[in-house]
Amino acid sequence: MQYIIFFILILSALIVVRGKFIELSLVFMISLTFAFDGGSADYNSYRNIYYNDAPLSFFSGDKSVEIGYQVLCRFFRDVIQINFETFWIIITVFSILLFYLLVKRYTKNAAVVLALFTVFPMLISAVQFRQWLSGVIVLYGIRYLESKKIKNTLKFVAVCFLAVSIHTSALFYLCFLLPIWIDVKKITKIAIAWVIVGGAFVRPMLQVVSRYNGRVSRLLITGNRTSLTTQVSMLILMMALCLAMKYINKKVSDSTAGKILTCFDQRCVWFVEFAFALSIVSLFLWPFFMVTMETFRLMRIILVVEYISLSIYLLLPSKNEMDKIVRRLIEAFVVIVAVFCLYLFCIQGHYLDTVFLPLLEENRAFTWL
């Protein structure tokens with residue numbers, strides 16, 4: 001039943017623009033998926049972290065779990081004194097509502113963003129929740145980049161380090177500062193150069209880092225590398241996303257040129273330009289993808305930003321039939337990217353049966369329904 005409901009909602013959101021009922025229904029279903037997880041691979045691990053009584057410090061306790069998340073667990077367990085199941089419902093639903101509020105800040109077409117998120121990366125985010133939570137915190141901090149001021153930059157950096165205390169991988173999101181202080185053309189040149197030469201240096205660099213970080217060490221020895229075909233396919237998709245975001249940026253800019261804009265419209269214009277720049281920044285991830293699929297989880301947050309940019313573009317008024325056709329083609333392309341990522345990161349391999357299907361089929365809320 002849950003598969004049918006998700007399919008109908010996703011299809012409706014992609015066809016019916018600005019559907020409020022569809023939008024709220026997707027928020028509800030996504031929240032249920034996160035909050036009532038009872039069978040995914042990491043659920044019991046999160047339970048063990050929650051009840052861990054080891055001394056709390058940077059140098060003791062559960063060293064594989066960042067201290068910010070440990071403190072969060074201790075606060076709910078020892079101060080508020082609730083059990084893990086209640087904590088999990090509160091913290092996961094909070095992450096979805098925070099994500100939803102971020103989406104609403106920049107687009108009136110949130111249903112499309114939520115639908116694409118449901119395709120990818122909802123499943124992997126629900127399983128790898130700490131990484132998702134840190135990403136949501138960073139997404140919230142994007143508002144500080146709307147104004148190019150030092151104090152706002154420092155606020156974004158502070159938000160990033162808060163996210164790092166939940167999951168170390170959030171350090172990557174400091175790259176979101178690049179479009180604020182460096183010209184997009186320069187970023188493009190740097191990204192292309194990194195794609196070309198990065199493959200030769202990424203593995204040695206990670207081997208050095210692995211001496212100080214056990215998680216990186218595990219990534220290097222898992223052998224979870226991608227095939228050449230997958231690497232090339234993903235690079236092509238990422239570059240195609242850059243072109244799509246560039247086109248969207250131009251259309252939004254042309255549509256608003258010379259007009260008096262509301263504060264909301266100004267945010268939308270800025271966000272579309274920012275999304276184009278981040279699509280270029282995403283290329284910095286590709287050489288890591290050659291080493292292991294694991295590091296490419298970070299792409300999920302940039303994809304969310306690109307989904308929001310697409311949703312803004314889909315609301316542009318147009319009487320030109322060709323523009324409408326191009327609009328649908330770009331939407332279809334982004335859907336294909338989401339489906340490809342769903343296949344690559346969730347369906348392909350043995351993780352589908354052991355990780356992702358249990359998330360939906362052993363979900364306590366869906367089982368009750």
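Which residues in α3 meet which residues in α4? The first close-up takes up that question, and every view here comes from a predicted model.

**View 1. Helices α3 and α4 cross at roughly 70°.** Here we look at helix α3 (residues 43-50) beside helix α4 (residues 67-79), whose axes come within 9 Å. The crossing angle makes α3 roughly perpendicular to α4. On the α3 side, the contact is made by Y46, I49 and Y50, and these meet Y69, C73, F76 and R77 of α4. Sorted by type, the residues of this contact are six nonpolar, no polar and one charged.

**View 2. Helices α17 and α18 cross at roughly 110°.** In this pair, helix α17 spans residues 321-347 and helix α18 spans residues 351-361, and their axes come within 9 Å. The two helices are therefore roughly perpendicular to each other. Look for F345, C346 and I347 in α17, which meet Y351, L352 and F356 in α18. The residues of this contact comprise six nonpolar, no polar and no charged.

**View 3. The largest nonpolar core has 127 residues.** Good places to begin exploring are F99, F120, F176 and F345, the members that touch the most other members of this core. Helix α16 (residues 299-314) supplies the largest share of the core, with twelve residues. Zooming in on F120, you will find L303 and Y307 among the residues that it touches, leaving aside those up to four places away in sequence. With the same neighbours in sequence left aside, F120 also touches A338, C341, L342, F345 and C346.

**View 4. K20, E23 and K104 form one network of salt bridges that share partners.** As background for this view, side chains of opposite charge can pair when their charged atoms come close. The structure holds nine salt bridges in total, and two of them are shown here. In the pair formed by E23 and K20, the closest N and O atoms are 3.5 Å apart. These residues are three apart in helix α2 (residues 20-35), so about one helical turn separates them. E23 also meets K104 through their side chains, with 3.2 Å from N to O. That second pair links distant parts of the chain, as K104 is in helix α5 (residues 84-106) and E23 in helix α2, 81 residues apart. How exposed are the three partners? E23 is buried, at a relative accessible area of 2%. K20 is partly exposed, with a value of 44%, and K104 is likewise partly exposed, with a value of 28%.

**View 5. A salt bridge joins K251 and D323.** The side chains of these two residues meet at 3.7 Å, N to O. K251 lies in helix α13 (residues 228-256) and D323 in helix α17, so the pair ties together parts that are 72 residues apart in sequence. K251 has a relative accessibility of 24% and counts as partly exposed.

**View 6. S282 is a buried residue in a loop.** The last close-up centres on S282, found in the loop between α14 (263-281) and α15 (286-291). Is this serine buried or exposed? Its relative accessibility is 1%, so S282 counts as buried. Around S282, the residues in contact are M238, M299 and I302, not counting residues up to four places away in sequence.

Notes. Residues numbered from 1 in each chain as written. Predicted model: local features only at pLDDT ≥ 70, side-chain atom pairs only at ≥ 80, totals over all residues. Heavy atoms only, no water. Axes fitted to C-alpha atoms, helices over the stretch in contact; angles between N-to-C directions. Helix = DSSP H or I, 4+ residues; strand = E, 2+ residues; numbered from the N terminus. Parallel < 35°, antiparallel > 145°, perpendicular 65-115°, else oblique. Contact = heavy atoms within 4.5 Å. Nonpolar A, V, L, I, M, F, W, Y, C, P; charged D, E, K, R; others polar. Core = buried A, V, L, I, M, F, W, Y, C linked by side-chain atoms within 4.5 Å. Buried < 20%, exposed > 50% of the residue type's maximum accessible area, 1.4 Å probe, protein only. Salt bridge = Lys/Arg side-chain N within 4 Å of Asp/Glu carboxyl O.
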